[in-house]
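Colleague: I am new to reading structures, and I keep wondering where the labels come from. Could we go through this one together and check each label against its rule?

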Amino acid sequence: VILPGGRIDLIANILGAEFIVELKICGAGYSKSYAEGGFDQLREYLLAREQTRGYLLVFDARAGQEGDAAIPERVDLGGGLLAFCVVVDIRGMR
(Lines give C-alpha, C1' and ligand atoms only; values in the text may rest on other atoms or scores of the structure.)
Protein backbone atom coordinates (compact mmCIF):
# COMPACT_ATOMS: atom_id res chain seq x y z
CA VAL A 1 0.00 0.00 0.00
CA ILE A 2 1.46 3.34 -1.04
CA LEU A 3 0.83 6.30 1.27
CA PRO A 4 2.22 9.85 1.35
CA GLY A 5 4.78 8.72 4.01
CA GLY A 6 6.00 5.73 2.00
CA ARG A 7 4.96 2.16 1.37
CA ILE A 8 3.57 -0.15 4.00
CA ASP A 9 5.58 -3.36 3.88
CA LEU A 10 2.82 -5.66 5.07
CA ILE A 11 -0.83 -5.41 6.06
CA ALA A 12 -2.27 -8.62 7.45
CA ASN A 13 -6.04 -8.85 7.66
CA ILE A 14 -6.90 -11.52 10.20
CA LEU A 15 -10.58 -12.11 10.94
CA GLY A 16 -11.35 -8.56 9.85
CA ALA A 17 -8.64 -6.93 12.00
CA GLU A 18 -5.85 -5.05 10.21
CA PHE A 19 -2.23 -5.42 11.36
CA ILE A 20 0.37 -3.05 9.92
CA VAL A 21 3.92 -4.42 9.84
CA GLU A 22 7.12 -2.57 8.92
CA LEU A 23 10.16 -4.70 8.06
CA LYS A 24 13.75 -3.56 8.68
CA ILE A 25 17.24 -5.00 8.80
CA CYS A 26 19.98 -4.09 11.25
CA GLY A 27 23.63 -4.95 10.77
CA ALA A 28 25.22 -5.96 7.47
CA GLY A 29 25.65 -2.27 6.63
CA TYR A 30 22.37 -1.10 8.19
CA SER A 31 22.53 0.82 11.48
CA LYS A 32 20.38 0.55 14.58
CA SER A 33 19.01 4.02 13.80
CA TYR A 34 17.97 2.82 10.34
CA ALA A 35 15.98 -0.01 11.92
CA GLU A 36 14.47 2.28 14.55
CA GLY A 37 13.38 4.63 11.76
CA GLY A 38 10.66 2.05 11.23
CA PHE A 39 8.91 3.45 14.31
CA ASP A 40 8.51 6.83 12.59
CA GLN A 41 7.20 5.13 9.46
CA LEU A 42 4.73 3.13 11.52
CA ARG A 43 3.39 6.29 13.13
CA GLU A 44 2.59 7.77 9.72
CA TYR A 45 1.02 4.54 8.49
CA LEU A 46 -1.11 4.15 11.61
CA LEU A 47 -2.42 7.68 11.27
CA ALA A 48 -3.21 7.19 7.58
CA ARG A 49 -4.99 3.86 8.17
CA GLU A 50 -6.71 5.03 11.40
CA GLN A 51 -5.10 2.26 13.46
CA THR A 52 -3.65 2.46 16.98
CA ARG A 53 -1.08 -0.37 16.99
CA GLY A 54 1.68 -1.29 14.59
CA TYR A 55 4.48 -3.82 14.47
CA LEU A 56 8.14 -3.47 13.59
CA LEU A 57 9.92 -6.67 12.58
CA VAL A 58 13.71 -6.28 12.59
CA PHE A 59 16.06 -8.89 11.15
CA ASP A 60 19.19 -8.24 13.23
CA ALA A 61 22.64 -9.40 12.09
CA ARG A 62 24.68 -7.32 14.57
CA ALA A 63 27.13 -8.91 16.97
CA GLY A 64 25.71 -6.96 19.95
CA GLN A 65 21.98 -6.81 20.52
CA GLU A 66 21.78 -6.29 24.28
CA GLY A 67 21.85 -3.27 26.62
CA ASP A 68 22.18 0.05 24.80
CA ALA A 69 22.33 -1.80 21.48
CA ALA A 70 18.89 -3.35 22.01
CA ILE A 71 15.97 -2.12 19.96
CA PRO A 72 12.97 -1.34 22.21
CA GLU A 73 10.21 -3.93 22.35
CA ARG A 74 7.46 -1.32 22.75
CA VAL A 75 7.40 2.37 21.78
CA ASP A 76 4.75 4.95 22.59
CA LEU A 77 4.38 6.88 19.33
CA GLY A 78 2.20 9.56 20.93
CA GLY A 79 -1.45 10.31 20.40
CA GLY A 80 -2.52 6.90 21.67
CA LEU A 81 -0.42 5.04 19.09
CA LEU A 82 1.78 2.09 20.07
CA ALA A 83 4.45 0.16 18.20
CA PHE A 84 5.60 -3.30 19.16
CA CYS A 85 8.94 -4.61 17.94
CA VAL A 86 10.06 -8.16 17.35
CA VAL A 87 13.76 -8.69 16.69
CA VAL A 88 14.83 -11.81 14.82
CA ASP A 89 18.48 -12.69 15.48
CA ILE A 90 19.89 -13.73 12.10
CA ARG A 91 23.56 -13.92 13.10
CA GLY A 92 25.08 -16.93 11.44
CA MET A 93 21.95 -17.89 9.51
CA ARG A 94 22.24 -18.73 5.83
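Modeller: Gladly. Keep in mind that this is a predicted model. Let us start with A12, whose bridge partner in β4 is F19.

Colleague: What makes β3 and β4 a pair of strands?

Modeller: Two strands pair if there are at least two bridges between them. Strand β3 (residues 10-14) and β4 have 5 bridges, in the antiparallel sense, so by the rule of at least two they pair. Another of the facing residues is I14, which stands opposite A17 in β4.

Colleague: What do β3 and β4 form, and how many residues lie between them?

Modeller: They form a hairpin with 2 residues between them. L15 sits in that turn and has a positive phi of about 50°, a positive value in a residue other than glycine.

Colleague: Is L15 buried or exposed, and how do you know?

Modeller: The relative accessible area of L15 is 88%. Exposed means over 50%, so L15 with its 88% is exposed. A28 can be treated in the same manner: it lies in the loop between β4 and α1, and its relative accessible area of 67% makes it exposed, too. A28 also has a positive phi of about 50° although it is not a glycine.

Colleague: Which strands form the sheet, and in what order?

Modeller: The open sheet has 5 strands in the order β3-β4-β5-β7-β6, with mixed pairing. From one strand to the next, the twist averages 30°.

Colleague: Why are β3 and β6 called edge strands?

Modeller: Each of them pairs on one side only. That is what the name edge strand refers to here.

Colleague: Which pairs make the sheet mixed, given that β3 and β4 are antiparallel?

Modeller: Look at the parallel pairs. β4 and β5 run parallel and are joined by 7 bridges, with C26 opposite D60 in β5. β5 and β7 also pair in the parallel sense, over 8 bridges, and there the bridge partner of D60 in β7 is D89.

Colleague: Where does the helix α1 go?

Modeller: α1 packs on the sheet, touching β3, β4, β5, β6 and β7. The direction of α1 makes about 160° with that of β4.

Colleague: How do you know that the length of α1 fits a helix?

Modeller: Compare two values. α1 has 18 residues and reaches 26 Å from its first C-alpha to its last, close to the 26 Å expected at 1.5 Å a residue. Just after α1, E50 takes a positive phi of about 55°.

Colleague: Which residues of α1 are buried, and what covers them?

Modeller: The buried ones are A35, G38, F39, L42, Y45 and L46. The cover includes β1 (2-3), β2 (6-7), β4, β5, β6 and β7. A general point helps with the spacing: an α-helix has 3.6 residues a turn, so residues three or four places apart point the same way.

Colleague: G37 is in helix α1 as well. Why is G37 called partly exposed?

Modeller: Its relative accessibility is 23%. Buried would need under 20% and exposed over 50%, so G37 at 23% falls in between and counts as partly exposed. G37 and K24 are 13 residues apart in sequence, and their C-alpha atoms are 8.8 Å apart in space.

Colleague: What makes up the largest nonpolar core?

Modeller: It has 17 residues, of which F39, V58, I71 and L77 touch the most other members. The elements giving two or more residues to this core are β4 (17-26), α1 (32-49), β5 (53-60), β6 (74-78) and β7 (81-89). α1 gives the largest share, 5 residues. Leaving aside neighbours within four places in sequence, F39 is in contact with L56, I71, P72, V75, L77, A83 and C85.

Colleague: How many disulfides are there, and why do C26 and C85 not form one?

Modeller: There are 0 disulfides. The sulfur of C26 is 9.6 Å from the closest cysteine sulfur, in C85. A disulfide needs the two sulfurs within 2.5 Å, so 9.6 Å is too far for a bond.

Colleague: Are those cysteines buried or exposed?

Modeller: C26 has a relative accessible area of 0% and C85 is at 9%. Buried means under 20%, so C26 and C85 both count as buried.

Note on methods
Residues are numbered from 1 along each chain as its sequence is written. This is a predicted model: local features need pLDDT of at least 70, side-chain atom pairs count only at pLDDT 80 or more; totals for chains, interfaces and linings use all residues. Side-chain values use heavy atoms; hydrogens and water are left out. A nonpolar core is a set of buried Ala, Val, Leu, Ile, Met, Phe, Trp, Tyr and Cys residues joined through side-chain atoms within 4.5 Å. Buried means under 20% relative accessible area, exposed over 50%, partly exposed in between (1.4 Å probe, protein chains only). Helices (H or I, at least four residues) and strands (E, at least two) are DSSP runs, numbered from the N terminus. Contact means heavy atoms within 4.5 Å. Axes are lines fitted to C-alpha atoms, for helices over the stretch in contact, and angles run from 0 to 180 degrees between N-to-C directions. The expected span of a helix is 1.5 Å times one less than its number of residues.
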